[in-house]
Amino acid sequence: MGKDFQEAFDKTREAGTIASGALDEITKIIKPGINTKKIDTICYEFINDNGAYSAPLYYRGYPKSCCISANHIVCHGIPGDKVLNDGDIINVDVTAYKNNWHGDTSRMFFVGEVSIKAKNLVQTTYQAMMESIKILNKDIFLGDIGSTIQNYVEKRGFSIVRDFCGHGIGKKFHEDPNVLHYGKKGTGAKLEPGMIFTIEPMVNEGNYETKVLNDGWTAVTKDKKLSAQFEHTVGIKNDGYEVFTLSNKGLDFPPYSS
Ligand code: MF3
Ligand code: CO
Ligand code: CO
């Protein structure tokens with residue numbers, strides 16, 4: 001790894017580990033009957049206790065520390081009084097900001113017992129993200145990431161959301177490039193050592209179309225069918241890649257206990 005991006009990688013790893021630690025922390029409390037505000041508070045406190053800031057809080061007027069997106073919510077659900085029900089699937093998305101660098105990650109959680117279809121959607125979404133991470137190196141193109149995800153998802157009868165994408169991340173929360181989760185191999189910019197960005201595919205059970213509710217944030221599927229998402233922050237090395245937001249506790253995807 002070049003000296004020039006050693007510091008960027010070290011600081012992103014530190015922020016990323018705090019973000020993934022926040023997700024580890026909430027795993028045990030996600031049960032039927034709790035409200036999403038409670039999850040938000042735990043994320044906020046964990047991030048603060050680790051000397052970091054929660055990047056979503058007040059970002060472009062966003063009111064909370066994390067996004068919690070249940071069932072047909074695609075992304076940017078706002079934590080509040082909503083109570084989790086048995087059978088819900090939820091995404092929790094957290095971003096820690098520490099020493100001027102960001103780490104951004106999200107996972108799905110099962111609330112009680114969920115349907116086989118929901119489990120299949122969640123597993124497909126996770127695996128689509130991981131398939132695209134496995135191919136990362138300095139010689140591939142952004143389009144290779146998108147096409148890998150899109151092919152994986154569509155082969156299994158689901159659809160990939162177009163309206164939101166991954167993003168460069170670093171000293172800024174969102175920066176170039178846009179990392180599309182669909183596309184064609186060999187298209188788009190070539191990856192370069194030192195690049196840091198997120199991969200965060202949203203996968204729908206039905207059609208890929210979304211709309212944003214009147215709160216200005218909550219994005220939902222137009223057909224009201226389920227949607228799932230995972231997110232990692234990754235970096236391109238001279239040789240291969242690094243994932244900065246892995247769980248230290250092996251809690252990367254559900255079910256988290258057996
Ligand atoms: N964490 C989200 C992402 O993956 C962004 C959330 S912005 C917010 O890019 F304002 F909604 F929090
Ligand atoms: Co992101
Ligand atoms: Co995120």
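**Two cobalt ions and ligand 1**

Me: In this predicted model, a polar side-chain atom of Glu 200 sits 2.8 Å from an oxygen atom of ligand 1. What makes that a polar contact?

Reply: The cut-off is a pair of N or O atoms within 3.5 Å, and 2.8 Å is inside it, so the Glu 200 pair counts. His 174 also has a polar side-chain atom 2.7 Å from an oxygen of ligand 1. For His 167, a side-chain N or O atom is 3.1 Å from a ligand 1 oxygen. As for cover, ligand 1 alone exposes 330 Å², and the protein buries 97% of that.

Me: Which residues come nearest to ligand 1?

Reply: There are 14 around it, and the nearest are Asp 93, His 167, His 174, Glu 200 and Glu 231.

Me: How do you know which residues are donors of the cobalt ion (ligand 2)?

Reply: A donor has to be an N, O or S atom within 2.8 Å of this metal. Asp 104 (OD), His 167 (NE2), Glu 200 (OE) and Glu 231 (OE) are at 2.0 to 2.2 Å, so they qualify. Along the chain their spacing reads D-x62-H-x32-E-x30-E.

Me: Why is the arrangement around the cobalt ion (ligand 2) called irregular?

Reply: Six donors count as octahedral if opposite ones are over 155 degrees apart and all others between 65 and 115. Around ligand 2 the six donor atoms subtend angles of 52 to 161 degrees, and 52 fits neither condition, so the site is irregular.

Me: And what makes the cobalt ion (ligand 3) irregular?

Reply: Same test: its six donor atoms give angles of 58 to 166 degrees, and 58 is outside the octahedral limits, so it's irregular. The protein donors here are Asp 93 (OD, listed twice), Asp 104 (OD) and Glu 231 (OE), lying 2.0 to 2.4 Å from the ion. Their spacing is D-x10-D-x126-E.

Me: Which parts of the chain do Asp 93 and Glu 231 tie together?

Reply: Asp 93 is in strand β4 (residues 89-98) and Glu 231 in the loop between β13 (227-229) and β14 (232-236), so the pair joins parts 138 residues apart in sequence.

Me: Which residue bridges the two cobalt ions, ligand 2 and ligand 3?

Reply: That's Asp 104, with the ions 3.3 Å apart.

Me: Why is His 167 called buried?

Reply: Buried means under 20% relative accessible area, and His 167 has 5%, so it counts. Glu 231 is at 0%, so it passes too. Asp 93 is likewise buried.

Notes: Residues are numbered from 1 along each chain as its sequence is written. Chains are lettered from A and ligands numbered from 1 in the order in which they are written. This is a predicted model: local features need pLDDT of at least 70, side-chain atom pairs count only at pLDDT 80 or more; totals for chains, interfaces and linings use all residues. Side-chain values use heavy atoms; hydrogens and water are left out. Donors are N, O and S atoms within 2.8 Å of the metal (3.2 Å for Na, K and Ca); water is not among the atoms, so sites may look incomplete. Four donors count as tetrahedral if all angles lie between 85 and 135 degrees; four count as square planar and six as octahedral if opposite donors are over 155 degrees apart and all others between 65 and 115; anything else is irregular. Helices (H or I, at least four residues) and strands (E, at least two) are DSSP runs, numbered from the N terminus. Buried means under 20% relative accessible area, exposed over 50%, partly exposed in between (1.4 Å probe, protein chains only). A residue is near a molecule or strand if one of its heavy atoms lies within 4 Å of it. A polar contact is a pair of N or O atoms within 3.5 Å; within protein, one must be able to donate a hydrogen and the other to accept it, and residues adjacent in sequence count only if both atoms are side-chain atoms. Accessible areas come from the Shrake-Rupley method with a 1.4 Å probe; for residues, only the protein chains shown count as cover.
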